[in-house]
Amino acid sequence: MDKSDSKYKILFICLGNICRSPAAQGIMEQMIAGRGLQDRFMVDSAGLYGGHSGSLPDRRMRVHAQRRGYNLTHLSRQITGKDLETFDLIVVMDRSNLQGLQHMKDPVNEHKVVEMARFLRHHPHNDCVPDPYYDGAEGFELVLDLLEDACEGLLDELCKKTDQQ
Ligand code: 4NP
């Protein structure tokens, strides 16, 4: 059995897989490593739109993330039907991502899909992680604030859940 088969697998989804979801992946990977949980969790990210496939994250996202100590190296890829089978949890950034997944989901894996904002603990007024692509620096900073908050909430929840199994 592949070693990753025993890990709990999390897939972050956004539209282009060059801003929000690769940042979520980088933050979550660092959080997992910081808590010494690499043997329990595996993280990846993908986009609904495949137009940026093969590209590094948007330069603005990389610069803002680097300032907080995250080195984003993921190469953009489009989500596949197999991802919905492989991953245990599929975390979308906004309602439009959720709608974009509708045609791919089947009743078997429907329960795996959740919105990132559900895990926010310190940003009660945000109901999504908004697309920063057409925003300025403050949009990228907001995304990172929200992702750090939600990743912590998500990891705490998953640790509790998987401890009980
Ligand atoms: P992301 O941001 O979904 O957070 O990666 C976007 C990236 C690219 C585009 C839109 C949003 N785009 O239209 O190309």
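In which loop is Arg35 found? In this predicted model, Arg35 belongs to the loop between α1 (20–34) and β2 (41–47). Its relative accessibility is 35%, so Arg35 counts as partly exposed; the class lies between buried, which is under 20%, and exposed, which is over 50%. Arg35 can also be placed against a residue from another part of the chain: Cys159 is 124 residues away from Arg35 in sequence, yet the two C-alpha atoms are 11 Å apart in space.

The element that precedes this loop is α1 (20–34), and Met28 is one of the residues in that helix. With a relative accessibility of 0%, Met28 counts as buried, because buried means under 20%. Met28 and Ser53 are 25 residues apart in sequence, and from C-alpha to C-alpha they are 21 Å apart in space.

At the other end of α1 is another loop, the one between β1 (8–14) and α1, and Asn17 has its place there. Asn17 has a relative accessible area of 0%, so this residue is buried. The backbone of Asn17 has a phi near 55 degrees, which is a positive value in a residue other than glycine.

What does the side chain of Asn17 contact? A polar contact of 3.0 Å joins the side chain of Asn17 to the side chain of Ser45. Ser45 is in strand β2, and at 0% relative accessibility Ser45 is classed as buried. The side chain of Ser45 makes a further polar contact, at 3.2 Å, with the side chain of His74. Ser45 thus has side-chain polar contacts with Asn17 and with His74.

Asn17 also leads to the ligand. The residues that surround the ligand are Cys14, Leu15, Gly16, Asn17, Ile18, Cys19, Arg20, His52, Asp131, Tyr133 and Tyr134. Sorted by class, this shell has 6 nonpolar, 3 polar and 2 charged residues. The space that the ligand takes is the largest pocket.

Which atoms of the protein lie by the oxygen atoms of the ligand? From the backbone of Asn17, an N or O atom lies 3.2 Å from an oxygen atom of the ligand. A polar backbone atom of Cys19 is 2.9 Å from an oxygen atom of the ligand. With Asp131 the side chain takes part: one of its N or O atoms is 3.5 Å from an oxygen atom of the ligand. On its own the ligand has 350 Å² of accessible area, and the protein covers 90% of this.

Asn17 therefore appears in two settings, because its side chain has a polar contact with buried Ser45, while its backbone lies 3.2 Å from a ligand oxygen atom.

A last stop is the loop between β4 (113–115) and α5 (137–163), where His125 is found. Is His125 buried or exposed? His125 has 78% relative accessibility and so counts as exposed, since the class begins over 50%. The C-alpha atom of His125 is separated by 26 Å from that of Asp58, and the two residues are 67 residues apart along the chain.

Terms used: Residues are numbered from 1 along each chain as its sequence is written. This is a predicted model: local features need pLDDT of at least 70, side-chain atom pairs count only at pLDDT 80 or more; totals for chains, interfaces and linings use all residues. Side-chain values use heavy atoms; hydrogens and water are left out. A residue is near a molecule or strand if one of its heavy atoms lies within 4 Å of it. A polar contact is a pair of N or O atoms within 3.5 Å; within protein, one must be able to donate a hydrogen and the other to accept it, and residues adjacent in sequence count only if both atoms are side-chain atoms. Accessible areas come from the Shrake-Rupley method with a 1.4 Å probe; for residues, only the protein chains shown count as cover. On a 1 Å grid over the protein atoms alone, a cavity is a set of points where a 1.4 Å probe fits but cannot get out, and a pocket is an open set with protein on both sides within 12 Å along at least five of seven lines; lining residues have an atom within 4 Å of a point. A molecule sits in a cavity or pocket if more than half of its atoms lie within 2 Å of its grid points. Ala, Val, Leu, Ile, Met, Phe, Trp, Tyr, Cys and Pro count as nonpolar, Asp, Glu, Lys and Arg as charged, and the others, Gly among them, as polar. Helices (H or I, at least four residues) and strands (E, at least two) are DSSP runs, numbered from the N terminus. Buried means under 20% relative accessible area, exposed over 50%, partly exposed in between (1.4 Å probe, protein chains only).
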